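Trainee: I would like to go through this model with you, one question at a time.

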Amino acid sequence: MITGTIKSQVDAIWNAFWSGGISNPMEVIEQMTYLLFIKRLDELHTVREKKANRLKRPIEHPVFAPDQQHLRWSVFRQLGDPATLYSTIADEVFPFIKTMGGERGDSTYAAHMKDARFTIPSAALLAKVVDMLDAIPMDDRDTKGDLYEYMLGKIASAGQNGQFRTPRHIIQLMVEMMAPTPADTICDPACGTAGFLVAAAEYLDTHHRDGIYKDADAAKRFNHDTFHGFDFDSTMLRVGSMNMLLHGVENPAIENRDSLSEGHAGVAGQFSLILANPPFAGSLDYESTAKDLQQIVKTKKTELLFLALFLRLLKPGGRAAVIVPDGVLFGSSKAHKSLRRMLVEEQKLDGIVSMPSGVFRPYAGVSTAILLFTKTDSGGTDDVWFYDMQADGFSLDDKRNPLTNDRHASNNLPDVLQRWQHRDEESARGRTEQSFLVPKAEIASNDYDLSINRYKEVVHEQLDYDPPTKILAELRALEAEIMQGMEELEGMLQ
């Protein structure tokens, strides 16, 4: 987690933007993202420069050409003159980052950046913000991520319209449970800032580095064909594209697409892995919703429509780890029951991780679960694995302070992953434990109710009470003691 000092520095930058005339929170985020991106490009070039010097060979994949050295953060921040700094960034650096990843606009990044605008209004504000950003230590990759999370957390609109960010530790858990491989084609149909895709890219880089870079074809597949994200917010698409580019994915397929509209047609059955936290609590008109989704489940609720979409987008054998509100698991409407029956009977429902209601605070207090399933179109559900997560390593109030992560009582995530990876050993567990298996037949007999409380057995601690006669005798003794005290008080008053 980032320190209070760094939070104070970010707050100061935020206030500088506001006092400088930029009051829209999304615009502040966007302009700060551009500057952080420019700073990160210089860091990447410096690392490659040092490696080349150490090996005494030319720089591999330099970010800046020899005639572009003045566009580097470490160079222009020392200019001293705010007016020169402003003209350098506005007229040269910003056009440079807009064309990265494709000079002709042939990359998704370049396509999204085409409409990007540099809107910092004055040289004085720009010079102030550059100095303040330069003072923030961002050597650690986790610090960068936490810093970005903190910035996004300051958006006043977060949590409205069902849109709120997924905590990074929950994303990482879901990615590790799915364990993507270089052969996967990964999609997030509600990608936002591309948090799931970034985490999947990092997982592949850590666990399958030799596989994704073994030859030119493998590297091209990783950079161009592995990652797919849909969103219809142009700002989110730009931020998501920059996020992926910074994490080493040159040209992910991040598209401007309303996933629930007719526009998603043509991408059915293309993906082997879906990771997503779709918008909850929304409602669409039947007329504006894709007809093929309505054929799967007749509903207006976005959380059910997204589940139908995941089934539509996955290829047979494809798997999914997605976050759903608890209502999906036990809702009594015809659409709810139909979708759950479909997951259990026609697909392979692998597991459900019930999460505590504070996971998405302060943006929302809704109870959620991670739904894990495989598309088979021919059934295959035998036993469904349930896990009752009670702690995620942070306090479950609005502050979300970090807890001692090495204790199971304060962080269940390592245990979730360990038990998921050894599900063959779960059959020995009883219903009173934190995880257990439930046979498909029992779920079917309960009208496909997938709420963990339906199956979990709670053992109440037996309490022993004294016999009533003994309790009455003790009450009489107390009463006598009180009466004696009152008599003594009366005697003192006479």
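Mentor: What follows is a set of short questions and answers about this structure.

Mentor: This is a predicted model, in which local features need pLDDT of at least 70, side-chain atom pairs count only at pLDDT 80 or more, and totals for chains, interfaces and linings use all residues. Residues are numbered from 1 along each chain as its sequence is written, and side-chain values use heavy atoms, with hydrogens and water left out.

Trainee: How many helices and strands does the secondary structure of the chain come to?

Mentor: Helices (H or I, at least four residues) and strands (E, at least two) are DSSP runs, numbered from the N terminus. For this chain the count is 20 helices and nine strands.

Trainee: What percentage of the residues in the chain is buried?

Mentor: Buried means under 20% relative accessible area, exposed means over 50%, and partly exposed lies in between (1.4 Å probe, protein chains only). The chain has 494 residues, and the buried share is 48%.

Trainee: Which element gives the most residues to the largest nonpolar core?

Mentor: A nonpolar core is a set of buried Ala, Val, Leu, Ile, Met, Phe, Trp, Tyr and Cys residues joined through side-chain atoms within 4.5 Å. The largest one has 45 residues, and Phe17, Met32, Ile97 and Leu133 have the most contacts inside it. Elements that give two or more residues include α1 (4-19), α2 (25-55) and α4 (82-98). The top contributor, with 10 residues, is α2.

Trainee: How many disulfides are there, and why are Cys187 and Cys191 not bonded?

Mentor: A disulfide is a covalent bond between the sulfur atoms of two cysteines. The rule here asks for a pair of cysteine sulfur atoms within 2.5 Å. The sulfur of Cys187 has its closest cysteine sulfur in Cys191, at 8.4 Å, so the two are too far apart for a bond. By this rule the number of disulfides is zero.

Trainee: Are Asp42 and Arg72 buried or exposed?

Mentor: Their side chains meet in a salt bridge, 2.7 Å from N to O; the term means a side-chain nitrogen of Lys or Arg within 4 Å of a carboxyl oxygen of Asp or Glu. The pair links distant parts of the chain, 30 residues apart, with Asp42 in helix α2 and Arg72 in the loop between α2 and α3. Relative accessibility is 6% for Asp42 and 7% for Arg72. By the cut-off, Asp42 is buried, and Arg72 is also buried.

Trainee: What separates Glu43 and Arg40 in helix α2?

Mentor: Glu43 and Arg40 form a salt bridge, with the closest N and O atoms 3.2 Å apart. Arg40 is partly exposed, at 22% relative accessible area. The two sit three residues apart in helix α2, so the separation is about one helical turn.

Trainee: Where does Tyr448 lie?

Mentor: Tyr448 is not a glycine, yet its phi is positive, about 60°. Its relative accessible area is 13%, so Tyr448 is buried. Its place is the loop between α18 (440-445) and α19 (452-455).

Trainee: Which residues make the nonpolar surface patch of about 360 Å²?

Mentor: Patches use residues with over 30% relative accessible area and no salt bridge; like charges are joined within 9 Å, nonpolar side chains (Val, Leu, Ile, Met, Phe, Trp, Tyr) within 5 Å. Areas come from the Shrake-Rupley method with a 1.4 Å probe, and for residues only the protein chains shown count as cover. Leu472, in helix α20 (residues 468-493), is partly exposed at 45%. The patch is made by Ile471, Leu472, Leu475 and Leu478.
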